[in-house]
Amino acid sequence: MSDATFDRSRCSVAGTLAVVGEKWSLLVLREAFLGVRRFADLQQALGAPKAVLTDRLATLVREGVLSREPYRAEGERQRHEYRLTDKGRDLYPTLVALMAWGDRYLTDGPPPLALEHRDCGAAVRVALVCDDGHEIGGPREVRARAAGAGAAPA
């Protein structure tokens, strides 16, 4: 970012990190995107301590990233599962971008998981695109400017 005049107290990156910027929160989201919804299944997949998982799920529910929905298996007491909300599903490109970065810089050999488009089978990737449809290759092709209520006067 090149514009030093924007209001950093309203920084969207900092706000997002306050909600999902912790390891276990991102891993919960990874599992939710893979279809895992129940606490016991999340705990088994993640190996997270129960108290940590409980806290992260509560935060994600409170922030509207997940919703807590009741269910009852036959003959058992009511329990809850965690489902992605629209707000949560909007984080998908973020998780895909983190995965791609890890695949590129942290893995020896083939990546552990491949994402494919259901309709055609082609590999899925994240791309930055401007509103006119131009793909952005990197930060040197972007100009940052203060916008909205946080903008400094010109």
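This passage describes the confidence, the nonpolar core, the salt bridges and the surface of a predicted model of one protein chain.

Confidence in the prediction is considered before the structural detail. Over the protein chain the pLDDT averages 91, and 92% of the residues reach a score of at least 70. Among the elements of the chain, the lowest mean pLDDT, 92, belongs to helix H1 (residues 12–20), whereas the highest, 98, belongs to helix H5 (residues 86–89). Where pLDDT is low, the predicted coordinates should not be read in detail.

The interior is described next, beginning with the nonpolar core. The largest such core holds 20 residues, and the members that touch the most others are Val28, Leu29, Leu53, Leu57 and Leu66. Two or more residues are given to this core by each of H1, helix H2 (23–33), helix H3 (39–46), helix H4 (50–62) and strand S2 (79–84), and H2 supplies the largest share, with four residues. In soluble globular proteins, nonpolar side chains tend to be buried together. The surroundings of Leu66 can be given in more detail: once its neighbours within four places in sequence are set aside, Leu66 is in contact with Val28, Ala32, Leu57, Leu60, Val61, Tyr82, Arg83, Leu84 and Thr85.

Helix H2 also contains Ser25, which counts as buried because its relative accessibility is 2%, under the 20% limit. Beyond the neighbours within four places in sequence, the contacts of Ser25 are with Val19, Val20, Arg56 and Leu60. Ser25 and Asp55 are separated by 30 residues in sequence, and their C-alpha atoms lie 9.4 Å apart in space. Asp55 and Arg56 also belong, together with Glu22, to a network of salt bridges. In the loop between H1 and H2 lies Gly21, which is partly exposed at 44% relative accessibility; from C-alpha to C-alpha, Gly21 is 23 Å from Leu115, a residue 94 places away in sequence.

In total, the structure holds eight salt bridges, and several of them can be described through the accessibility of their partners. Arg30 and Glu31 form one of these bridges, with their closest N and O atoms 2.8 Å apart. Within this pair, Glu31 is buried, with a relative accessible area of 8%, while Arg30 is partly exposed at 35%. A comparable description applies to the bridge between Arg83 and Glu81, in which the closest N and O atoms are 2.6 Å apart: Glu81 is buried, with a relative accessible area of 8%, and Arg83 is partly exposed, with a value of 33%. A further salt bridge joins the side chains of Arg79 and Glu76, at 3.7 Å from N to O. For this pair, Arg79 is partly exposed at 35% relative accessibility, and Glu76 is likewise partly exposed, with a relative accessible area of 43%.

On the surface, Trp101, Tyr105 and Leu106 make a nonpolar patch of about 390 Å². Of these residues, Tyr105 is placed in helix H6, which covers residues 92–105.

Notes:
Residues numbered from 1 in each chain as written. Predicted model: local features only at pLDDT ≥ 70, side-chain atom pairs only at ≥ 80, totals over all residues. Heavy atoms only, no water. Patch = residues over 30% accessible without salt bridge, like charges linked within 9 Å, V, L, I, M, F, W, Y side chains within 5 Å. Areas by Shrake-Rupley, 256 points an atom, 1.4 Å probe, with all protein chains shown as cover. Salt bridge = Lys/Arg side-chain N within 4 Å of Asp/Glu carboxyl O. pLDDT = per-residue confidence, 0-100. Buried < 20%, exposed > 50% of the residue type's maximum accessible area, 1.4 Å probe, protein only. Core = buried A, V, L, I, M, F, W, Y, C linked by side-chain atoms within 4.5 Å. Contact = heavy atoms within 4.5 Å.
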